[in-house]
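Please open the model in your viewer and keep the sequence panel beside it. The tour below goes from one selection to the next and says what is found at each stop.

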Amino acid sequence: MSVRARLCLIGASVLMLSGCGEDTKPAGVAVPSPGVVELPASMASGACELLDYSSVEQKIGVRFDVSAASQLRKTQTCVLRTEAANHPDLALSVTDISVDASAFKTDLVPRGGQSVSGLGKAAYRLIAAPADEHGAAVEIGWLASDGRVVSLRYTLAAGQDKGAAEEFAGKLVTLAKEIDTSRR
């Protein structure tokens, strides 16, 4: 047997015998706990591609961490909320239709909707009453410069009344002005 083969056998024997003692325990390896990975809202696709958690938080002061999107015919929607609770939530819908500002004001502004200036070709603001499971809501609807009809609705947490929604409306208009529907 060659010297090299003998050395390999001796080395293997030493390695095998080193783990045979009664007091020998395998060394523990510290494994870091996995971190939480926050996916961007846009990962939900659809209208969620127009929203960004940090931008939303910066404009309205509410941090969301869950997004979901859907599409029905020519309307894409996105809902943002927190993992901890169903409300508050923020819903965005974008509809590809052919309508002018006059038709928007006549046919699409809901009863009680108040005109909003400086947003798209025409816009409205509506405050909705609270319901059993959630607080009041603020809806901003507008005809975007690219001809799409857009709605942004913020539903407050349970116990929040119309007064709280009225106070929040300005923040939602500010966010609405930042949404660029031409990116979709």
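With which side chain does the side chain of Arg125 make a polar contact of 2.7 Å? Select Arg125 and Glu166 together, and you will find that contact of 2.7 Å between their side chains, where a polar contact is a pair of N or O atoms within 3.5 Å, one able to donate a hydrogen and the other to accept it if both are within protein, and where residues adjacent in sequence count only if both atoms are side-chain atoms.

Before going further, note that this is a predicted model, in which local features need pLDDT of at least 70 and side-chain atom pairs count only at pLDDT 80 or more, while totals for chains, interfaces and linings use all residues. Residues are numbered from 1 along each chain as its sequence is written, and side-chain values use heavy atoms, with hydrogens and water left out.

Stay with Arg125, which lies in strand S5; helices (H or I, at least four residues) and strands (E, at least two) are DSSP runs, numbered from the N terminus. Add Gln114 to the selection, and a polar contact of 2.3 Å appears between its side chain and that of Arg125. Arg125 is buried, with a relative accessible area of 18%, given that buried means under 20% relative accessible area, exposed over 50% and partly exposed in between (1.4 Å probe, protein chains only). Not counting residues up to four places away in sequence, Arg125 also touches others, including Gly112, Val116, Glu139 and Ala169, contact meaning heavy atoms within 4.5 Å.

Next, select helix H4, residues 162-178, whose 17 residues reach 25 Å from the first C-alpha to the last; this is close to the 24 Å expected at 1.5 Å a residue, the expected span being 1.5 Å times one less than the number of residues. At its N-terminal end, Asp161 acts as a cap, with a side-chain oxygen 3.1 Å from the backbone nitrogen of Gly163. Further along, a kink of about 35 degrees is centred on Phe168, the bend at a residue being the angle between axes fitted to the seven residues ending there and the seven starting there. Phe168 is among the buried residues of H4, as are Ala164, Leu172 and Val173, and the buried residues of this helix pack against helix H2 (53-60) and strands S3, S5, S6 and S7.

Now show the strands, which form an open sheet of seven in the order S1-S2-S3-S7-S6-S5-S4, with antiparallel pairing; two strands pair if DSSP finds at least two bridges between them. The edge strands are S1 (66-72) and S4 (114-115), each pairing on one side only. Select S6 (137-143), where seven of the seven residues are buried, so the strand is largely enclosed by the rest of the structure. Seven bridges join S5 to S6, and seven join S6 to S7. Leu143 in S6 is the bridge partner of Ala122 and stands opposite Val149 in S7. In the hairpin of S6 and S7, which has five residues between the strands, Gly147 takes a positive phi near 90 degrees.

For the last stop, select Cys48 and Cys78, which are joined by a disulfide (S to S 2.0 Å), defined as a pair of cysteine sulfur atoms within 2.5 Å. Cys48 lies in the loop between H1 and H2 and Cys78 in strand S2, so the pair ties together parts that are 30 residues apart in sequence. The torsion about their S-S bond is about 95 degrees, so the disulfide is right-handed.
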